[in-house]
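Work through the exercises below with the model open. Each task is followed by a stepwise solution.

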Amino acid sequence: MRALAGALLVALAGATAQAQEFTTLKGHGGPIMGIAVDDAGRVATASFDNSVGVWTGRAPDWLEGHEAAVNTVLAAGGLLLSGGDDYTVRLWNDEAPRVLGSHLGKVTSLALRDGLVASGSWDGTVGLWPLEGAGRRLEAPGGVNAVAFGEGALYAATSTGQLMRYDLATDQALPVISHGFGINEVIVTPDWIAYGAVDGGTRVIDHDGAEIADFTLDRRPILSMAYDAATHSLAVGDGQGYIMIVDTADWTIARDFRATRQGPVWALAFSPDGATIWAGGLDDVAYGWPVASLDTFDPGITGERSFLQAPETMSNGERQFMRKCSICHALTPGPSRKAGPTLHGVFGRAAGTVPGYIYSPTLDGSDIVWTDQTIDALFDEGPDHYIPGSKMPMQVISGAQDRADLIAFLRSASTETKE
């Protein structure tokens, strides 16, 4: 693990310039799930590859420690935090980065106000974690997809379609609105609240719940939001690959840009001057577009992951690998930035023995050896049953022939010498 002691406590001279040009940040081994930008212009990225990248220019520092996909990252107030599928909220600024708080389900979102970190989780709670001392969790009426601080209050967007307001003095909660479909994103300002929902609802309300504006289009779901107060710009990303930018000074759509050829926009963040919008999706790359000329660019995020290819372009065994394994595992020798260890030479290898990969405790010292039979059992029963406690996601290949085809493909592809 590489600790960036004090990395975000001081502004670096000559940090990422607010260049008015299209920019790509390459290096992750999985899709980009979250993006944040600090006051110095450095970009932090959260990825399915279990890591956080901190980019000064295009040179990343990798923060390792999460044991599963990282869903959200926050860079504010001189702090860098992240949350992931391993249920943890992590603080990276100390000499020894630490777990600030833990949930019983995946962590989806983070917010910070006056030294208090809030986290939303699919365990149906909101976490409140002071930088020093014990934290607490508040109950929510469903999985929490997004959190945001308001004046003396915390707001939580839930999978049940309720936007909740928690009084931080009493921990009492009241619903602000009930949307009817799950709410994925929320932005809170002193004057208004914007939220985005599973059904494509993109609405702005006042603090009493009365509607100010409705920007719902025929796109769904809404997956990301970002706000830049200085330029009055509210950015909205959806599942069909668009970034809509609303001018909140007059509540008009200023730009509507197709950012991906296919697939979602999972992450959005503005640069400190509001001139660049950063976005992430299915690609292993973060993209930065100049806001002023967004409409002149072609889609940058391809969304062309191998599991989305037409079935007739590959064998059944390769198709099973691409759908079930390719995001997490490489077939080439040596280390990679993917979430799982390489599968090169997997047959005959003892589980949990690839050098340099951090395995879950259940695989340390395991007596499993990967063979046709053990790989078949892994996908027949599912990793959560075959290796309880493993970091592998829950998935099953129910068809015996599909498993056999996958094993045949792996036996061939994992022994090839790749240049």
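**Exercise 1.** Is His-232 buried, partly exposed or exposed, and why?

Solution. This is a predicted model, where local features need pLDDT of at least 70, side-chain atom pairs count only at pLDDT 80 or more, and totals for chains, interfaces and linings use all residues. Residues are numbered from 1 along each chain as its sequence is written, and side-chain values use heavy atoms, with hydrogens and water left out.
- Step 1: the relative accessible area of His-232 is 37%, so the residue is partly exposed. (Buried is under 20%, exposed over 50%, partly exposed in between; 1.4 Å probe, protein chains only.)
- Step 2: His-232 sits in the loop between E22 and strand E23 (233–238). (Strands, E, are DSSP runs of at least two residues, numbered from the N terminus.)
- Step 3: its phi is positive, near 60 degrees, and His-232 is not a glycine.

**Exercise 2.** Place Asp-273 and list its side-chain contacts.

Solution.
- Step 1: Asp-273 belongs to the loop between strand E26 (265–270) and strand E27 (276–281).
- Step 2: its relative accessibility is 36%, so Asp-273 is partly exposed.
- Step 3: its side chain makes a polar contact of 2.7 Å with the side chain of Ser-271. (Such a contact pairs N or O atoms within 3.5 Å; within protein, one must be able to donate a hydrogen and the other to accept it, and residues adjacent in sequence count only if both atoms are side-chain atoms.)
- Step 4: the Asp-273 side chain also reaches the backbone nitrogen of Ala-275, at 2.9 Å.

**Exercise 3.** Which residues does the cis peptide bond join?

Solution.
- Step 1: the bond links Arg-220 and Pro-221, with omega about -10 degrees.
- Step 2: Pro-221 lies in the loop between strand E21 (211–214) and strand E22 (222–228).

Note on methods. Helices (H or I, at least four residues) and strands (E, at least two) are DSSP runs, numbered from the N terminus.
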